[in-house]
Amino acid sequence: MTGSPCPDVAELPDGTEAVLVAFPHAGGSGAVYRGWQRELGPRAAVLGVTHPGHTGRFTEPLLDTCAELADEVAPRLTARPDLPLFLFGHSMGSLVAFEVARRLEQRYGIRPAHLFVSGSPGPGMPARATASYRLTDEQLIVWLEEMGGCDEAIARDRELMAFLLPVLRADLRVGETYRPWTGTGVSCPLTALTGAQDPSVTPVENRAWQETTRAAFRQRIFPGGHFYLHEEAARDVVATVRRTIEDSYRLPTEHKELTS
């Protein structure tokens, strides 16, 4: 189900026992998670998030704050509180997933079964800025190539990049203008994941996510850089998510919803 422009848990296949909602990195779309459905099996529905203005939603205006992105997604995830709901975010997507989890708990009384945050420092940590929405087009293209987020053929296609760079700028602004959360974090278990050679976040900075949850926390460090989860560590990352989801099949329904 990763082809859906925006996730809607009201439309799930029969037999679905869990839902994984996956949030992309800056400039990305839900399509980056298209292979996860096969790996996770039919019992878990994978919903890849594509934000307004991105692939498949180009006619919609871009949103450039984390609050706007979270407000757009969270209400769409409330229709099936009977199903365990898992949230996974990479890089910028970690912040959006975290804010969606907070909204689900605080506004809708729904506690996610688990929150996965990848390739990102804890929201209370100062950002290790490796790029900025204020960079020139040429500087952004160079950064994309250095981070492994774009191959040279695409990066040198001026017509295509003129179309994609405004999307990337809006997403980078989401991360740069995000203000560290204050007050209540989340009450769901949280796993922080990162690449050992990621230049944008150290394992210590990634571990700072522990401060945002009142439940169990764990950290997994994989070989690779910023896009480790789509490279050599891809299968191990999905296996980590799969094991967590499979554990949820044995949870009673009352553990999936917050009580008032």
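These legends walk through several views of a predicted model.

**View 1. The fold, element by element.** Here is the protein with its eight helices and six strands. Starting from the N terminus, the order reads β-α-β-α-β-α-β-α-α-α-β-α-β-α. If you trace the chain along, this string is a handy guide to keep beside you.

**View 2. Inside and outside.** The protein has 260 residues, and 52% of them count as buried. Its accessible surface comes to about 11,600 Å². Carbon and sulfur atoms hold 51% of that surface. Among contacts in the protein with a separation of 6 or more, 78% are between residues 24 or more positions apart.

**View 3. A nonpolar patch on the surface.** Four residues, Phe58, Leu160, Phe163 and Leu164, make a nonpolar surface patch of about 320 Å².

**View 4. Phe58, a member of that patch.** Look for Phe58 in the loop that links strand S2 (44-48) to helix H2 (66-73). Its relative accessibility is 37%, so Phe58 counts as partly exposed. Residues enter such a patch at over 30% relative accessible area, and the 37% of Phe58 fits that cut-off.

**View 5. Two cysteines, Cys66 and Cys188.** Cys66 has a relative accessibility of 4% and therefore counts as buried. Cys188 is buried too, because its relative accessible area is 0%. How many disulfides are there in the model? With a disulfide taken as a pair of cysteine sulfur atoms within 2.5 Å, the count comes to zero.

Conventions: Residues are numbered from 1 along each chain as its sequence is written. This is a predicted model: local features need pLDDT of at least 70, side-chain atom pairs count only at pLDDT 80 or more; totals for chains, interfaces and linings use all residues. Side-chain values use heavy atoms; hydrogens and water are left out. Helices (H or I, at least four residues) and strands (E, at least two) are DSSP runs, numbered from the N terminus. Buried means under 20% relative accessible area, exposed over 50%, partly exposed in between (1.4 Å probe, protein chains only). Contact means heavy atoms within 4.5 Å. Accessible areas come from the Shrake-Rupley method with a 1.4 Å probe; for residues, only the protein chains shown count as cover. Patches are made of residues with over 30% relative accessible area and no salt bridge: like charges are joined within 9 Å, nonpolar side chains (Val, Leu, Ile, Met, Phe, Trp, Tyr) within 5 Å. A salt bridge is a side-chain nitrogen of Lys or Arg within 4 Å of a carboxyl oxygen of Asp or Glu.
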